[in-house]
Every structure is written in C-alpha cells, then in structure tokens.
Amino acid sequence: MDKKYLARKWFSKGYYYDSLEPNSDKAIEAYKKSIEFDATLKDAYINLGFIHIAKEDYNGALKYFQKVIELEPDNPEAFSNLGYVYERMVRYGSAKQMYERALELCPGDMESMINIAKILELEGNYQGAVNQYKRAIERYPDVVSPRFGLAVLYDIHDMFDEAVEGYTTVLERDAYCVKALFNLGNLYIKIGENKKAVGLFKKILEIYPDNIISWNHLGSVYQALGEYDRAFIALRQSLFLNPFQEEIQAKLIQLLYSRYLSDSGGIGKEEIVQRLQFTLSMNPGNRECQELLKKLLVNNGKSDFGG
Amino acid sequence: MYYKYWGLEKPPFDNVPDTTMYAECHASMESAIAETLFAIEEGGECISVIIGDVGLGKTMSIRMIIDSLNQEKYKIALITNPSTTFVQLMREIIGQLTGKLCEEKKKANLLEMFNKLLFETVDEGKKVLVFIDEANVISPSNLENLRLLTNMQDDQRNLFTMVLAGQLELARRLEHPKFSNLFQRIGTYNKIEKIQSEDLVKAYVETRLRLAGGKRNIFTDDAFGVLWKYSEYGVPRLINKIGKLSLKAGETNGFDVINGEVVRQIGERFQKTTGPAMQKRMPRKKPKGEMPPEEIAEMEYVRNEAITDQDSEQVVSGADTLNPAVTAFPQGDKVFKKEEIPDNGEKIESFPKKSDTKERVVSHGKNGLIKAEDLAEAKIGDYRVMIKLPPELLREAHSSTPEHRMKLAGIMAAQALKENPQLTKSLSIDPVSIWGEIRDIVLRKIG
C-alpha cells in the first residue's frame, strides 16, 4: 500500500481521535504513526505541536514546530507557531525573532505585527509596543484586533484618554466586541463617567445575561449614581447566578438594610437576617455581617440607627 | 486634554517611561538609574543590582537605562522572566545577543559560546549587557550558575555587565552567606523605596507638576496625606494613577484645586475596578484531517487488515507497533459524544436503600469514602439531593448550643448548595431561601 496514502489515513485518524477526545494519547499515537509512514507530513508535526502546547509541554512542542520549519523554511505560519511556543516558554527574545521572521516571509501580516507588539509589551518596551500597534492599525485601519491591543496597552499604563479613544474606535468597528465594552465600562468607572458605564454593561448583559461581573459592576455603578433600586436589582441578579460572592452579598445586605431602616420597599428583618446568616456560613469571620446580625437580633435593628 | 485645563504643558502623571519626569522626584529610583548607568558606561563592575517591591519602578528603571544607552556600543539581552532552567536562560541570552536562535543543549557548550561571544563583542568595540528583570524568581542553583558567568572576565577589561532587578526576596538571597562570592562581585546595589512620608509625596507630586509646566499649586495640603494612604503608603505607580484621575475629575467638575475629599473618592473608586480583559494569545490554526467518520470506520478495517498485510509490513519497521489499542473506536455509525459517556465520577447516582447494611458505601468523595450514615436526603423543588454531614461536624453539633448548631447547619447547607448547582439554576427562586430550606433539613437531622 502507498506509504503516503497510509500516512494520510493515520493523520486523519489522529485528527478524528483528537476531535473526539482532544489531546488524547490515541491521537498522539496516530499522528506519530502517520509520521512513520511519511516523515515529511508537515500537518502531523503541527498537530503534535498543538497537542504538546495544550499539555503545556513546550519543549515537546518546540521539537515538532522546529521540524515543520525544517520541512518548510519559508512558511510564515510555522515561524508564528514556533514564536508562540517561545512566548509560552517566556523566551521573549526568541519569540520576537520568530515573529519577525514570519513577518519577513509574509510582509504586512497583521497577526505577526500584533505578535511582535505583544512581545515588546511583555518586555516592558511600552513605546516600542505602541509604535508597533500603530503600524498595524495604519496598515489595517478597519480591523479590530490591533486597535484593541493598543487600547489594552494604554489601559494597563493608565493612559485613560488614549484607552477610551482606542476602545471607542474598536466599538465603532464592532459594536458587540464584549471585551472592549467591558474594558471601556471599567475605564468609565475609573474616570467617574458612571452614566456611560451603565450603557456599556447593559449592552454586555444583552449579549451575555449570565455575566456575573457585569451585573456586579452595574450594581456598583448604580449605587455610585444613587440609583439604589436599580443597584439592588443588579446585585440580586448577580447573586441569583452565583450566591457564593461574599462581597456582593454584603453589598446587597447594606442596600436591604438601608431600605429596611427607611421602611421602603417592604423589606422584612427576616430576609436580612437570613442573608446575613448565609453570608456568615460562607465566612463565619465576616465582622461586618456579625455586627449587623447582632444588632438586628438584639436591638431589633432600627434602634441604634435611629430608624 | 485634562492637563491643559490645569495649565500644564504635558501629562504629569503618566505611568510610562519618560526620562524628563524623574529628576528629583523619586530619589531612590533616580539614583538606581544613575548608578547603574555609571556602572555600565564607566565602571568596571560586573554586576549591578536593583531591588524594589512591586510598583516601585524596577521595570521602568531598566527600560529607562536601556533607552538611555548608546545602542551602537552595546549588545543587549533582556530577560523578563528568568524562572526557567539555566540551559533555557543561556539559550535565550545567546539568542538575543546574536539575533539567531540558539538551541544548544549542553550547558558546557553554551558557556563556551557565551565566552566566545564576549570576546568577539569586545573585539568589535562593544560590550555585552545582560538585564534580568524579576531576578527574585531565579532559583538558587541558577544564581550560582550566573555567578560562574562572572568568571568570564579578562584581567584588563570588563567584558560584560549583568543587571539583576528583583523584589526583596532577591536581596535576601544575595545577602545570604551562601552567596557571599556573588555578593562580592556586585558593583552597584540600589534599593528603590516607596515614597516614605506625606511630605515626600507632596514633593514628588509638586515636582512632577512643575516638570509638566505647572506654575501653581493644584493639590491642597490635605490631599497629600490621603494620596499617601491610598497609594499604599507611597507606591509611585499608584500615586501617579490617583493623581491623574484626580486631575481628570477636577477638569470634569470644574474644580480650581484638588482637595483631600476628591483624592479619597478617586482612591475608593479605583480600588473597586479590575484590570482590563485581554485578547487570548493563541497559535495559528490546526490543520484538519480530511476523512469523514464513515471513512474512519473503514480505516479501522484497513488497520486490522494492515497488520497482516504484506505491503504494510514492508513499509513499517516493526509491524507489531502498527496495532494501537483503539478500544473505544466507534463501531458502525454510532459515534459517542463526550457528554454521553457515563459519568463514574463523584456524583451520587443512587440513594442507599433502607435494607442496605449500615455502613454501605454510596459515594467516593474528594476526601475518601463517604458512608451512608453521613448523608441526609432532601427534596428541594424538583431535585433530590444528598447532603453531606461530616462526622466531626455532627459530633460538634451534638455537644453544642442551639445557636452553634444553627451555625453548623448553615455551613453544611452552604456546602450542599455549592455541590448541587442544579438547585440554583432557576432564576425565580432566591438561592438564599433554598439554602434556608436545606439548613432546616440539616437542623432536623442534627438537632
């Protein structure tokens, strides 16, 4: 039987095993078998490299991706993959060399441009990274990823105005880029533009109604805006999704307690007591909850606070 | 731009490397940069050390040192995470210095290559510089290996300088008697400190405002104490962040000055926010197999045939290796999805029957076997769940006050709720009330 045909068959079998149970030994075995039949079967080396990446065996991955480069010394993707492995090994200098080689082989390749920017960023070369992202944006003005990378870089370095502008331009191109919505929302909270933040978190929750962090942020923003009813709804929603958030439970308790003191919203003492007890069952040492529970049980809650 | 509102020519608090913003601001950082530059450019010292806690400016100092150097005169390697083997470290250093990948496997060969590189670089009229950031994560054995590198010096010439920057752990290591040989080779040793008092924070802020073109006092005196407190008592990165946000808030609200209350509000606010979400780093796409599952099934046939197939035996050396254990290979059209595989993990699939022996084991928990007597059955909504009642908590409950029993029941109920996420799937029932229900059941059991 033709060796190359058998190699291809074993490769497909490996791929099938890999899709059935990712990174399984059976997939590895089948890919290796395909290489036994055809030592030049590049795709098998690549997939073995990917499996080793998934297993965080970067030395193993390195071996296979280097083999791909031996087979195809002019393949930019092979250099990108090798660069990625070096990046994971925290060998940033080598990673940069590989990404630069990929860019040489495929001038203007956006992914390589971004990869280089990311390495510069990881090396602490802020200005170099900014310039690299800007080059990528100039070349690909309508693409989101270099703009997003630059915005995050600005964000990390507290360049608030630049980051806001960066995320805004991302959202102009992709209105539903959730990470940009989230980061911009966060930024607006930082710079005190709470009303703008509300719109962004609401938009995320339209797309992902179960996003707990966004409910929490929305609750905090409403609280900062003095919109306590809305804050209450947002935090409660977050706790429906995951009741084991001690800090958020404590926040909701404070809101409930304020309502209870002001006799608004029909909040009963029992509800607060039960929530306090629940929070204390997560962390019996929560002093704030302990004290409030004591007050509610001993003094009927309102006396100490003039309620 | 917000800084113009305050009569400034440029942003005073950007957390980015800028050599023009450091004069007299943060004395310990300034001197770390100046002394290290001197050691590199003028001194014959082999090792320079910069110590400092998170956020104090080590990485920025390194960047500013590198940016200040005449790049024509140096070959520079910068290692930003040295928590790796010595061989990998040397490969990376040599790779960066030569601009070529280095995959030499033997340590002796790598040292030889490095030595050769040092002399070649000096012959070219240049000098090798090796910067290692986060050097506190270097293992003790790698630190000793790095010391050996410093033996590679010429009697007349200083062939290279290594700059180690790291957190306090690095200082502790270097000062340990075990590393006295290494310590002796340190030429400059600088510690970047926090800004240690309100007065120094005031000097820092006002200097930066002046360097940015400011002509008047923007922050009132009561702001500096608050700024010091919210910056974790003098972390420059945080001072810059709060300072910048305060100026922006001042511009938005039309303030004339920034007082302590503004700084307090900003400090409170940013403590609540998280870091940005980033794009996931990924390699390029995997090549796909071309064969549909039906053909794979056929392949199984081919494989079995191939074991005895003459052609195949000819192309594979060691035919016995051609028979992998493909026990779960789908038969016919039936392809099991991963979710359909029966779960024999930790879930409790059935309840103990009353007729079972007292000590029947019904489940394997994370901490070993769980006995039937340690479980309480509960029906919550549409679900039946088993609640674990750890014997030690039960014993504690039996000999405690009702109040304490209530607390213990609460803890067991919270645990049960956590282990049965299906109970809280419905968004119409408050999980806390479900917890209350479970707690009552536990209370009845232990009461």
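## Salt bridges, burial and the A–B contact

Modeller: Lys42(A) and Asp43(A) pair up through their side chains in a salt bridge, at 3.8 Å from N to O.

Colleague: What makes that pair a salt bridge?

Modeller: The rule asks for a side-chain nitrogen of Lys or Arg within 4 Å of a carboxyl oxygen of Asp or Glu. Lys42(A) and Asp43(A) come in at 3.8 Å, so the pair passes the 4 Å cut-off. Before we go on: this is a predicted model, with local features needing pLDDT of at least 70 and side-chain atom pairs counting only at pLDDT 80 or more, while totals for chains, interfaces and linings use all residues. Residues are numbered from 1 along each chain as its sequence is written, chains are lettered from A and ligands numbered from 1 in the order in which they are written, and side-chain values use heavy atoms, with hydrogens and water left out.

Colleague: Which residues are linked with Lys42(A) and Asp43(A) in a network?

Modeller: Arg8(A) and Glu72(A) join Lys42(A) and Asp43(A) in a network of salt bridges. Within it, Asp43(A) also meets Arg8(A), at 3.5 Å from N to O. Asp43(A) sits in helix H3 of chain A and Arg8(A) in helix H1 of chain A, so this bridge ties together parts 35 residues apart in sequence. (Helices are DSSP runs of H or I, at least four residues; strands are runs of E, at least two; both are numbered from the N terminus.)

Colleague: Is Asp43(A) buried or exposed, and how do you know?

Modeller: Buried means under 20% relative accessible area, exposed over 50%, and partly exposed in between, with a 1.4 Å probe and protein chains only. Asp43(A) has 15%, so it counts as buried. Arg8(A) is at 22%, which makes it partly exposed, and Lys42(A), with 22%, is likewise partly exposed.

Colleague: What is the separation in sequence between Asp38(A) and its salt-bridge partner Lys4(A)?

Modeller: Asp38(A) and Lys4(A) bridge with their closest N and O atoms 3.5 Å apart. The two are 34 residues apart: Asp38(A) is in the loop between helices H2 (25–37) and H3 (42–54) of chain A, and Lys4(A) is in helix H1 (residues 3–20) of that chain. Asp38(A) is buried too, because its relative accessible area is 10%. Over all chains, the rule gives 33 salt bridges.

Colleague: How many salt bridges are there between chain B and chain A?

Modeller: There are six. One of them joins Asp430(B) to Arg275(A), with the closest N and O atoms 2.5 Å apart. There are also 19 residue pairs in polar contact between the chains, both residues at pLDDT 80 or more. (A polar contact is a pair of N or O atoms within 3.5 Å; within protein, one must be able to donate a hydrogen and the other to accept it, and residues adjacent in sequence count only if both atoms are side-chain atoms.) H13(B) gives the largest share of the side of chain B that touches chain A, eight residues. That side divides into 39 nonpolar, 21 polar and 26 charged residues. (Ala, Val, Leu, Ile, Met, Phe, Trp, Tyr, Cys and Pro count as nonpolar, Asp, Glu, Lys and Arg as charged, and the others, Gly among them, as polar.)

Colleague: How many residues does each chain put into the contact?

Modeller: Chain B gives 86 and chain A gives 90, where contact means heavy atoms within 4.5 Å. The buried area is about 7,900 Å², and carbon and sulfur atoms give 59% of it. (That is the accessible area, 1.4 Å probe, that two parts lose on being put together, summed over both.)

Colleague: Why is Asp155(A) called buried?

Modeller: Its relative accessible area is 4%, so Asp155(A) is buried. Asp155(A) belongs to helix H9 (residues 144–156) of chain A. Not counting residues up to four places away in sequence, Asp155(A) touches Pro276(B) as well as chain A residues including Tyr167(A) and Lys190(A).

Colleague: And what makes Met29(B) buried?

Modeller: Met29(B) has a relative accessible area of 2%, so it counts as buried. Met29(B) is part of helix H2 (residues 27–41) of chain B. Leaving aside neighbours within four places in sequence, its contacts include Tyr22(B), Met60(B) and Ile192(B).

Colleague: How does the span of H9(B) stand against the expected one?

Modeller: The expected span is 1.5 Å times one less than the number of residues. H9(B) (residues 198–211) has 14 residues and reaches 20 Å from first C-alpha to last, close to the 20 Å expected. Its buried residues, among them Val201(B), Tyr204(B) and Leu209(B), pack against helix H10 (221–230) and H11 of chain B. Just after H9(B), Gly213(B) has a positive phi of about 100°.
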